[in-house]
Amino acid sequence: MPAPRAGVSATTRVESGPLDDLDLYVDLYRRMRLIRGFEELVQSLFLRGEVYGTTHLCSGQEAVAVGFASVLDERDRVAATYRGHGHALALGVDTQKLLDEMLGRATGINGGLAGSMNVTSPRDRLIGCFGIVGGSIAAATGAALALALRGTGGVAVAYFGDGAMNQGYFFECLNFCKVQSLPVVLVCENNGYGEYTAFESVTAGPIRARAEVMEVPAETIDGMSIWNVREAAARATEHARGGGGPYFVEAITYRFVGHSRSDSGKYRPPGELDRWRERDPLLVLRARLERDGMDASRIDQVDAEVEAQLAEHEQRGLAAPFPEPRAFSEFKS
Amino acid sequence: MPRLSDSMEEGTILQWLKQPGEPFARGEPLVEIETDKATVVYEAEADGVIASVLVPDGGTVRLGDPIATLSAEGVEPASTAPPTARPAAVADGRTTDFRTAIRDALDEALAADDRVVFFGEDVAVAGGVFAATPGLFEKYGPTRVFDTPISELALAGAAFGSAVSGLRPVVEIMFGDFLGLVMDSLVNQMSKYWFLTQGEVSVPVVIRSVVGGGGRFGAIHSQMPVSWFTGVPGVKIVAPSTPADAKALLRSAIEDDNPVLFFEHKRLYALESEVDGQRVPLGEAAVVRAGHDVTIVSAMRGVHESLAAAETLTASGVDAEVVDLRTIRPLDRATILDSLAKTNRLVVVEEGPLTGGWAGEVLALATEGGLGDLDDAWRIATPDSPIPYSPPLEDAHIPGAERIASEILARLGSR
């Protein structure tokens with residue numbers, strides 16, 4: 001187990017009793033495996049010059065995105081971060097279209113207009129991925145306002161990192177949501193680092209306390225075990241949907257790759273990455289499934305199917321056309 | 001009855017300090033009024049004459065009811081006089097002041113479409129610090145009209161997020177100077193979303209904000225932030241000069257599917273005119289005075305200064321045309337070029353810093369599209385310095401009718 005970080009009390013839940021629905025968890029495993037494979041493919045394509053600019057990969061953090069998405073329904077809306085490929089895939093954004101977007105192709109989910117950091121897919125409930133730290137919190141605040149006012153019963157979820165805890169957006173929006181009692185769930189993916197800097201060295205006091213001081217129910221969870229994430233997500237969305245106002249979840253997680261493509265992660269203390277890899281959410285879930293009686297060969301089969309699926313996406317994506325240069329209209333008329 | 005305290009609903013005339021027919025200068029005490037809080041001496045906002053006293057000493061009237069009619073007759077227009085110095089259009093038509101026009105437009109928009117919501121700091125229960133939005137909270141309730149924390153980031157973010165989730169929010173940013181805090185939501189989110197979603201989801205947000213100098217608010221509550229935004233594709237910028245346009249353009253802005261910045265000049269709030277209910281589309285300038293010798297293009301309060309300058313210039317035989325832009329992005333290229341083709345001379349009057357201002361953009365399009373028509377073209381704007389507080393310094397800072405008229409005479413004479 002990784003050493004607990006200063007200022008947080010990761011509450012790893014007791015893993016008692018079998019998972020309630022093994023088939024469901026196999027599906028969630030498949031989704032997490034798809035995200036991991038997608039990120040590895042994007043990295044590989046990036047190194048080959050097929051993905052441009054920069055990318056922020058979420059390898060290691062899959063359980064948070066998939067766990068939360070698994071409890072959301074059609075009424076809900078999600079605002080994600082520039083580390084958002086996993087959030088998008090967890091919500092069901094078409095894998096081929098997302099890959100094509102990374103490749104800058106006309107067939108991309110945003111026609112090649114967005115790229116890695118700015119993906120939007122309103123039809124998939126994804127308001128968007130926000131390239132400005134904390135922007136997702138603001139977007140979810142507004143979405144929650146609309147969902148509440150229109151009487152939809154929907155909940156808005158914002159993902160953001162530990163770095164966003166020091167942005168004005170967090171404080172202003174959480175206060176706004178609380179006084180308006182808006183149905184919003186704020187999910188802080190605490191991966192230990194804001195870009196290249198350890199969060200403890202730039203963050204005063206425990207993260208969760210910042211929500212608690214506004215009397216917003218808050219919890220810190222192990223973000224590497226998806227069943228823990230699912231349980232917390234269920235508590236959070238139930239609270240928000242039931243008219244209780246905002247809910248805050250700090251999910252302790254880790255990214256297995258650098259902040260962005262140019263980051264080799266030299267700031268990590270020796271051995272830290274290896275210790276966290278032992279808590280890889282894919283390994284954690286796999287071990288749990290096997291312990292609860294799932295045949296290892298079925299999980300191996302999922303791995304193989306996802307690998308084949310991504311190989312096909314890669315081939316198709318690289319064959320897809322680039323968009324033709326054209327003039328864009330400035331305004332909707 | 002002028003608003004002399006935030007909470008007053010009526011006032012009592014204690015004593016008129018000027019009598020009918022008696023001329024007064026700007027700043028001279030006119031009348032002593034008792035409000036719910038204090039006794040206040042109300043000073044003239046411009047030179048003029050009291051035409052008639054409607055409420056005698058001792059009389060009590062409700063806020064907004066006329067207490068006297070004023071006239072500028074026989075008095076040289078003061079170059080820095082705010083537009084309120086114009087004689088109120090007391091003729092047959094019902095007049096409305098600028099702030100009431102804003103309120104009425106919001107009222108109609110809220111009534112017409114239940115997706116419209118209105119929020120901001122002190123806008124609901126208090127009715128706005130500029131008293132532009134009273135009564136809306138009472139009429140539409142706290143889910144559609146509400147007060148927010150003093151949190152411009154949250155306010156703007158909530159506007160964006162709710163606009164892409166089915167609402168049509170109107171928000172008030174109390175002073176335009178605070179728009180720096182709104183920049184991220186506006187520039188990085190609102191203006192990009194329709195593009196990024198390939199036309200699937202637009203962002204119908206209106207950000208109302210009070211701008212401009214002349215209120216003695218100093219360097220950080222008097223700015224004209226228009227040019228902070230003119231370089232942002234995807235954001236419309238509306239800048240009305242009259243109550244009728246304010247109402248019509250605010251209705252159009254709320255019905256528009258794009259993010260719109262709607263600027264209200266703080267020195268125009270008391271301006272009265274007839275509001276005929278005509279609709280005005282965004283992006284259309286208006287020729288508010290026809291002339292042959294020179295085209296003056298301006299917006300907001302600058303239009304009134306330009307009109308006053310044009311009147312002064314008639315004495316020198318110069319016949320100026322005045323174009324009120326009304327919308328600053330997108331600019332009404334055709335109206336500007338048509339006027340230029342007629343007059344061959346163009347002066348753009350911008351309250352706002354000279355460097356990087358929209359006046360330069362107007363000159364650029366005139367040069368690109370009307371070079372053959374162009375005999376002369378220049379800008380009159382505020383200096384590239386912060387806005388000073390002290391009245392004589394601030395008055396000298398803002399381009400007024402006198403400067404506009406004298407520059408035009410000098411340029412025309414030197415040809």
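User: In what kind of crossing does α7(B) pass α11(B)?

Analyst: The general idea comes before the case. Two packed helices are described by the angle between their axes and the distance between the axes. In this predicted model, local features need pLDDT of at least 70, and side-chain atom pairs count only at pLDDT 80 or more, while totals for chains, interfaces and linings use all residues. Residues are numbered from 1 along each chain as its sequence is written, and chains are lettered from A and ligands numbered from 1 in the order in which they are written. Now the case: α7(B) passes α11(B) in a right-handed crossing (near helix turned clockwise from the far one by less than a right angle; anticlockwise is left-handed). Helix α7 of chain B spans residues 301-314 and helix α11 of chain B spans 401-413. Both are DSSP runs (H or I, at least four residues; strands are E, at least two). Their axes come within 8 Å and cross at roughly 50°. Axes are lines fitted to C-alpha atoms, over the stretch in contact for helices, with angles from 0 to 180 degrees between N-to-C directions. The pair is therefore oblique: under 35 degrees is roughly parallel, over 145 roughly antiparallel, 65 to 115 roughly perpendicular, the rest oblique.

User: Which residues of α7(B) and α11(B) meet?

Analyst: In α7(B), they are Glu305(B), Ser306(B), Ala308(B), Ala309(B), Thr312(B) and Leu313(B). In α11(B), they are Ala401(B), Ile404(B), Ala405(B), Ile408(B) and Leu409(B). Contact requires C-beta atoms, placed from the backbone, within 7 Å. By class, this contact has eight nonpolar, two polar and one charged residues. Asp, Glu, Lys and Arg are charged; Ala, Val, Leu, Ile, Met, Phe, Trp, Tyr, Cys and Pro are nonpolar; the others, Gly among them, are polar.

User: At what angle do α1(B) and α6(B) pack?

Analyst: About 30°, with axes 8 Å apart, for residues 98-112 and 243-255 of chain B. α1(B) and α6(B) are therefore roughly parallel. Their crossing is right-handed. Phe98(B) and Ala101(B) of α1(B) are among the contact residues, as are Leu250(B) and Ile254(B) of α6(B). This contact divides into nine nonpolar, no polar and four charged.

User: In what order do the six strands of the open sheet in chain A run?

Analyst: Strands of a sheet pair through backbone hydrogen bonds, either parallel or antiparallel. Here the order is β2-β1-β3-β4-β8-β7, with parallel pairing (at least two DSSP bridges between strands). The edges are β2 (126-130) and β7 (218-222) of chain A. Neighbouring strands are turned by 15° on average, direction ignored. Four bridges join β1(A) to β2(A). Ala80(A) has Cys129(A) as its bridge partner.

User: How many residues of chain B are in contact with chain A?

Analyst: 36 residues of chain B, facing 33 of chain A. α3(B) gives the largest share of chain B's side, nine residues. That side has 15 nonpolar, 17 polar and four charged residues.

User: Which peptide bond is cis?

Analyst: Most residues other than glycine have a negative phi, and most peptide bonds are trans. The bond from Arg329(B) to Pro330(B) is cis, with omega near 0°. Arg216(B), not a glycine, has a positive phi of about 65°.

User: Where in chain B does pLDDT stay under 50?

Analyst: Over residues 73-91. pLDDT is the predictor's confidence in each residue, from 0 to 100. Where pLDDT is low, the predicted coordinates should not be read in detail. The mean for chain B is 90, and 91% of its residues reach 70 or more. The model scores ipTM 0.92 and pTM 0.85.

Definitions and conventions:
Two residues are in contact if their C-beta atoms, placed from the backbone, lie within 7 Å.
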